[in-house]
Structure formats: structure tokens, C-alpha cells
Amino acid sequence: MASPLTQIKEIWNRLPMTGRIATIGAAVATLGLIGAMVYYGSQPEYGVLFSDLKPTDAQAIVEKLKAANVPYSLANGGTSIQVPHERISELRLQMAGDGAISGGHVGFDLFDKTNFGATDFAQQVNFRRAIEGELSRTLEGMDEVETARVHITPQKESVFTEKEEGAKASVLLKVKQGKELSAERTDAIVSLIASSVEGLDVSNVSVLDTRGRLLVAAGRGKSNGITDAGAFHAQLEAKQKYETENAARIIALLEPVVGQDRVRADVAADIDFSQVEQSEEKYNPQSQVVRSQQTLNEARNSANPNPNGIVGARSNNPTTQASPTPAPSPAAQTNGDSRNTSTVNYEIDKTVRKTVGGGGRVNRMTVSVVVDNKTVNGVEVARTPEEIKQIQDLVGGAIGIDTNRGDSVVVQAMPFDKPADTAVPPSSLDKYKQFIPNAIKFGALILVAVLLLWFVILPARKALKAAMVSETDEQKLLAAAAETDSETETE
């Protein structure tokens with residue numbers, strides 16, 4: 001009996017050229033299919049590690065991934081980096097700890113390496129670069145800001161006070177698509193920059209975006225840093241916020257009573273933002289209080305107005321004899337005068353009042369409320385006047401309506417337009433969306449396997465079967481011929 005290798009060789013020799021080509025193709029395709037299935041089956045699932053990266057950040061992250069022997073792939077022109085899905089959280093923490101993401105800005109990490117040969121001027125320049133980089137990173141952390149650049153001009157000191165110049169700063173922002181910076185945000189940016197730089201006043205900070213719009217101009221309102229346009233914008237925002245909050249309060253109060261989405265409210269407020277300073281002094285003459293009192297009693301008595309005799313130069317001459325002094329009379333001994341003085345200071349009652357008002361005084365408020373009809377036993381029914389009055393009282397009490405200043409509340413009940421529900425329920429495709437890439441990958445492999453089986457393996461199998469059948473027939477013929485020869489020899 002022939003060995004299996006000899007039989008395979010004989011079958012191969014009997015195959016026609018088309019059969020040989022089909023057999024070789026089937027073998028190669030089968031091995032390739034097995035290798036592809038093993039390769040794709042062993043490949044990890046990739047997920048996005050970081051996206052929308054700057055070239056410098058992408059380069060730093062790729063270098064760290066190469067050093068750690070972590071497989072990765074680039075997408076979106078190199079701005080997105082993908083890594084194995086199970087290591088995303090670990091690598092994000094590692095990259096954040098290593099400082100790989102800097103946003104393309106140089107911060108205080110510039111001083112991590114000490115340079116003893118640096119001059120004082122170079123150190124000052126590096127310090128300014130570090131502050132600019134740190135501020136840029138901070139601004140890029142805002143939801144609306146995509147990129148930021150900060151330029152700072154340090155203050156110039158002088159021995160003459162009038163020649164000193166304060167620091168200045170300019171900020172260039174790139175706002176994300178679909179986002180908008182509000183006035184409150186720009187004021188916050190200005191305050192952040194001014195608070196981070198020594199000698200920088202808010203009036204010396206200018207902010208603009210990449211579209212060339214000046215959001216905040218330097219030199220705005222030296223007194224309080226707010227221009228007239230900025231003050232108007234701030235007042236308008238405050239008015240809108242006040243009206244919106246009151247309308248939301250009305251809706252939150254009435255929805256549990258009338259039903260979800262069955263009430264609408266609008267508030268119009270007349271707010272006076274002018275600031276008034278008033279000083280007032282009042283005196284009450286009927287109320288007097290003794291503040292201080294002083295009494296002076298003075299008395300003087302003299303028995304002899306000149307007891308020493310002659311007054312003048314003669315009294316000092318020793319040769320001059322003093323004339324005898326006559327005895328004082330009783331009247332002369334009792335000669336004198338007296339004086340009484342009394343001073344009383346009174347304090348009059350006084351009231352001093354200084355009032356600084358305005359800046360948000362509501363002069364008048366008008367409220368309009370629309371309520372949907374109520375539903376009774378599946379049928380819409382108009383609301384009664386008593387219900388409208390109750391709703392009106394609730395609204396007036398909720399937002400503090402004052403009829404003395406002319407406030408008014410209007411409540412109307414009318415049917416709401418209820419459009420048909422056009423919401424499309426989520427399909428099964430959306431539920432299993434995350435499995436689609438794997439399904440496509442393995443489905444393609446199965447399709448290739450079916451095509452190979454149909455067009456390559458089956459034709460090769462038929463050719464091999466035909467060759468084996470022909471070999472069996474030949475063996476039968478040879479056996480029959482040998483049997484015939486043996487029978488002939490026997491006879």
C-alpha cells in the first residue's frame with residue numbers, strides 16, 4: 001500500500017492545471033483567513049485618549065506613549081490620539097501628572113531647570129513668559145474659550161512719580177464654535193488678569209477675539225472701569241435676569257395646580273438704575289439739652305489803696321521823710337467791688353440722614369399669565385372666574401405686587417395649541433450603536449470566508465474528488481486486468 005505522501009503526489013499529478021490553481025488558491029485563502037481572524041481577534045479595542053490637541057501636545061504625548069511601549073493610533077490629522085480602551089483612564093491620569101498637556105504654553109515649569117548663567121534681564125523675560133503661559137492655560141480652562149494668548153507689558157518704575165507707567169495687558173481669545181462670551185465672563189477675565197499681574201489696573205486690560213471684535217477696551221472708565229455701553233449692557237442683563245426669575249417663580253408656583261406645561265408667564269419690570277445721594281439735616285428747637293454750664297463769682301475788698309505813702313520817685317528817696325499816715329476811717333476799710341458771670345450752652349436736637357439710593361429700584365411691574373383650559377373627564381373645560389381670581393391672587397403674592405406704584409397682573413385662560421407628538425423613539429440601532437464597528441469587522445471576515453468557500457474551496461474539492469475517482473477507476477481496471485490474466489494462466 002502506497003504512503004499518504006505518495007497518494008497525494010499521484011493525486012496532484014492527475015489534477016488538471018485549473019484544479020491545481022484552485023487548490024493552491026484555496027490553501028492560501030484559508031491560511032490568510034485564519035491569520036486575519038487571529039490578528040483582528042487579538043487587536044485591542046481603541047478609544048480616544050485626547051482630542052483637539054495642539055501639535056506640541058500631541059508630540060509630547062506620542063513620545064511618552066512610545067517610551068512606555070503603549071500601542072496608539074492617530075486620527076483627525078494627528079489632533080486625536082487613540083489607545084487601548086482598557087487603559088484610557090490610567091493613561092489620562094499619567095499624562096496629566098507628567099504635565100504632557102500644556103496647551104502649547106510655557107508656564108512656571110520653565111524654571112524647573114536652573115540656569116546659573118542667565119542674566120537678570122533673561123530671568124525677568126522668563127518670569128513674564130511664565131506668567132503669560134499660566135494665565136493662558138487658566139483661560140483655556142473656561143468652557144467658551146478654545147485657545148488664549150496673553151501679552152503683558154510690565155510697569156516702568158521711575159524716581160519721578162509722574163513718569164511712572166503702570167503695567168498693561170492684552171488678551172486674544174478664540175471662542176469655541178457655537179459659544180459666546182457674555183459681559184460677565186469678559187469682566188471676570190479682566191479681573192483675573194489684573195489680579196495676577198503686579199501694578200496692573202483693570203483699565204489697562206484689553207480683550208479681543210480672533211474675529212477682530214474688541215470685547216473690552218483698555219482705558220475704559222478710569223474711575224470704575226466701566227464704560228457707558230458696558231453699564232447699559234450690565235443693566236439690561238440685570239433687568240432680564242430679574243424678569244426671568246420672577247416668571248420662573250410664577251410657573252413653578254402654578255404648574256402643580258394647573259398641570260405641567262400648561263401655564264406661561266411674562267414679567268415686564270420698569271427698573272430705575274440711577275443712583276441718588278441725598279443728605280438731610282433736621283433741627284428740633286423744642287428739644288433743648290444743657291450741654292455745658294459755667295459760673296464765675298469774683299469779689300475784691302481794699303482798706304487803703306496806698307498804704308506806703310507817696311507813690312513815685314520821692315518814696316524811694318531816703319532823705320525824704322514820710323508823712324504820717326492818718327488813721328483809716330471805717331468807710332475806707334470797707335471799700336471794694338464784686339462780679340458774677342454765668343454761661344450756659346444748650347444743644348438743640350438734630351437729625352442727620354445720608355441716603356444713597358437707586359441702582360435697582362423697581363418703579364412698576366406688569367405681569368401677564370396665560371393658563372390652559374382644564375380637563376374634566378377627558379374634555380377641556382374653560383376655567384371659572386373664581387379660579388382666575390385665585391390664580392391672580394397667587395401671582396400677586398408670589399412676586400410682591402404693589403398696587404400703590406401701579407403694578408398690574410393680567411391672567412387669561414385659553415386653550416393651548418397641542419401639536420402632534422413627532423418624537424421618534426430610539427431605534428434598536430441606536431441602542432447597539434457601540435457594537436456596530438465590531439459587527440462590521442467580523443461580518444466582513446465571515447463574508448470573505450463564504451466567498452472563499454464558494455468560489456475557491458468548493459471547486460478545489462471537486463477537482464480533488466474527480467482526481468481521486470479517476471485514480472480509483474484506474475485501480476479497479478488494473479485489478480480486473482490482473483484477475484483476467486490470472487484466470488487465463490490457470491486455464
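The following exchange asks how certain descriptions of this predicted model are justified.

User: What is the overall make-up of the protein, and how much of the protein counts as buried?

Analyst: The secondary structure comes to 11 helices and 14 strands, and of the 491 residues 21% count as buried. The protein exposes about 34700 Å², of which carbon and sulfur atoms supply 55%. Among contacts with a separation of 6 or more, residues 24 or more positions apart account for 71%.

User: Why is Glu243 called buried?

Analyst: Glu243, which is found in helix α7 (residues 228-258), has a relative accessible area of 14%. Buried means under 20%, so with its 14% Glu243 is called buried. Leaving aside neighbours within four places in sequence, Glu243 is in contact with Val267, Ala268 and Ala269.

User: Why is Asp187 called partly exposed?

Analyst: The relative accessible area of Asp187 is 35%, and the partly exposed class lies between the limits of 20% and 50%, so Asp187 is placed in that class. Asp187 belongs to helix α6 (residues 183-196), and its C-alpha is 9.5 Å from that of Leu215, although the two are 28 residues apart in sequence.

User: What makes Lys354 exposed, and what makes Val344 partly exposed, when strand β10 holds Lys354 and Val344?

Analyst: Lys354 has 59% relative accessibility, and because exposed means over 50%, Lys354 counts as exposed. Val344, found in strand β10 (residues 335-358), has 31% relative accessibility, which falls between 20% and 50% and therefore makes Val344 partly exposed. The C-alpha atoms of Lys354 and Glu281 are separated by 8.8 Å, with their positions 73 residues apart along the chain.

User: What makes Val344 eligible for a surface patch, and which residues form that patch?

Analyst: A patch residue needs over 30% relative accessible area, and Val344 has 31%, so Val344 passes that cut-off. Val344 forms a nonpolar patch on the surface with Val290 and Tyr346, and together they have about 270 Å² of accessible area.

User: How do you know that the span of helix α3 agrees with what is expected?

Analyst: Helix α3 (residues 55-67) has 13 residues, which at 1.5 Å a residue should span 18 Å, and because its end C-alpha atoms are 18 Å apart, the two values agree.

User: Why are the buried residues of α3 said to lie on the same side?

Analyst: The buried residues in α3 are Asp57, Ala58, Ile61, Val62 and Leu65. They cover an arc of only 130° around the axis, and therefore they are on the same side of α3. An α-helix has 3.6 residues a turn, so residues three or four places apart point the same way. Pro55, Lys66 and Ala67 are exposed on the other side of α3, and α3 is followed by Asn69, whose phi is positive, near 55°.

User: How do you know that the span of α9 agrees with expectation, and why are its buried residues placed on the same side?

Analyst: The 15 residues of helix α9 (residues 385-399) should span 21 Å at 1.5 Å a residue, and its end C-alpha atoms are 22 Å apart, which agrees. In α9 the buried residues are Ile388, Ile391, Val395, Gly396 and Ile399. Because they cover an arc of only 135° around the axis, they are placed on the same side of α9. The face turned away from that buried side carries the exposed residues Glu386, Gln390 and Gly397, and just after α9, Gly400 takes a positive phi of about 75°.

Key. Residues numbered from 1 in each chain as written. Predicted model: local features only at pLDDT ≥ 70, side-chain atom pairs only at ≥ 80, totals over all residues. Heavy atoms only, no water. Helix = DSSP H or I, 4+ residues; strand = E, 2+ residues; numbered from the N terminus. Buried < 20%, exposed > 50% of the residue type's maximum accessible area, 1.4 Å probe, protein only. Patch = residues over 30% accessible without salt bridge, like charges linked within 9 Å, V, L, I, M, F, W, Y side chains within 5 Å. Areas by Shrake-Rupley, 256 points an atom, 1.4 Å probe, with all protein chains shown as cover. Salt bridge = Lys/Arg side-chain N within 4 Å of Asp/Glu carboxyl O. Expected span 1.5 Å × (residues − 1). Arc of directions from axis to C-beta. Contact = heavy atoms within 4.5 Å.
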